[in-house]
Amino acid sequence: MIFRAVTLEEKVRLHRPGAVPTLRLNLGSGDDWMLDGVVNVDCRNLLPPDGATFLRADITDLGDMFADGCAAEIWAKDVLEHFPQAQAGMVLDEWIRLLGPGGLLHLKTPDLAALAEFILRGTESDETKAYRVYGGQDYAENFHRAGFTVPLLRSLLEARGMEILEAKRHEGTNLLILARRRA
């Protein structure tokens with residue numbers, strides 16, 4: 001067995017909210033697999049490694065798979081920027097809906113301010129600069145359609161009942177945001 005897919009029985013069980021959420025989700029996982037009981041979710045038909053739990057689904061609409069407040073922790077790394085800017089709030093609404101009170105959201109996304117500095121510095125090739133700004137563009141979903149800064153993400157998240165615990169620049173041109181859903 002190459003990987004363990006989520007069974008229908010598990011989907012039903014995951015859909016029932018428990019007293020204390022324990023579900024952990026890696027939304028838009030791509031090939032960045034997380035193990036140790038994390039459910040990796042992606043829209044593509046991927047072949048995960050042994051030990052990974054994978055669910056093929058649209059991460060903007062998980063309502064028929066997961067109940068409100070069912071997750072204790074969500075990772076969304078290098079994925080929010082792939083949705084149109086006008087849909088960012090709607091996408092965040094869906095992810096935050098999944099978090100129970102006190103649930104954690106780990107976001108990683110390109111930082112527009114850092115990208116501007118990166119482009120102006122001029123030390124990298126134009127191809128590298130274009131890749132960082134526009135995405136890999138090697139499959140339909142791999143285009144960057146939005147950009148974010150710490151103040152913009154803070155505004156979007158706080159308006160949705162999230163508390164920013166940490167916001168920092170990471171790997172030169174990325175933002176890492178750790179936010180908690182208020183009770």
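Trainee: Leaving aside its neighbours within four places in sequence, which residues is V41 in contact with?

Mentor: Contact here means heavy atoms within 4.5 Å. This is a predicted model, where local features need pLDDT of at least 70, side-chain atom pairs count only at pLDDT 80 or more, and totals for chains, interfaces and linings use all residues. Residues are numbered from 1 along each chain as its sequence is written, and side-chain values use heavy atoms, with hydrogens and water left out. With neighbours within four places set aside, the partners of V41 are L25, N26, L27, G28, S29, L55, A57, I59 and L62.

Trainee: How many residues does the largest nonpolar core have?

Mentor: A nonpolar core is a set of buried (under 20% relative accessible area) Ala, Val, Leu, Ile, Met, Phe, Trp, Tyr and Cys residues joined through side-chain atoms within 4.5 Å. V41 is among those with the most contacts inside the largest one, as are L25 and W95. The number of residues in this core is 38.

Trainee: Which side chain does the side chain of K77 make a polar contact with?

Mentor: A polar contact is a pair of N or O atoms within 3.5 Å; within protein, one must be able to donate a hydrogen and the other to accept it, and residues adjacent in sequence count only if both atoms are side-chain atoms. K77 has a partner 45 residues away in sequence, with 8.7 Å between the C-alpha atoms. At 2.9 Å, the side chain contacted is that of D32.

How values were computed: Buried < 20%, exposed > 50% of the residue type's maximum accessible area, 1.4 Å probe, protein only.
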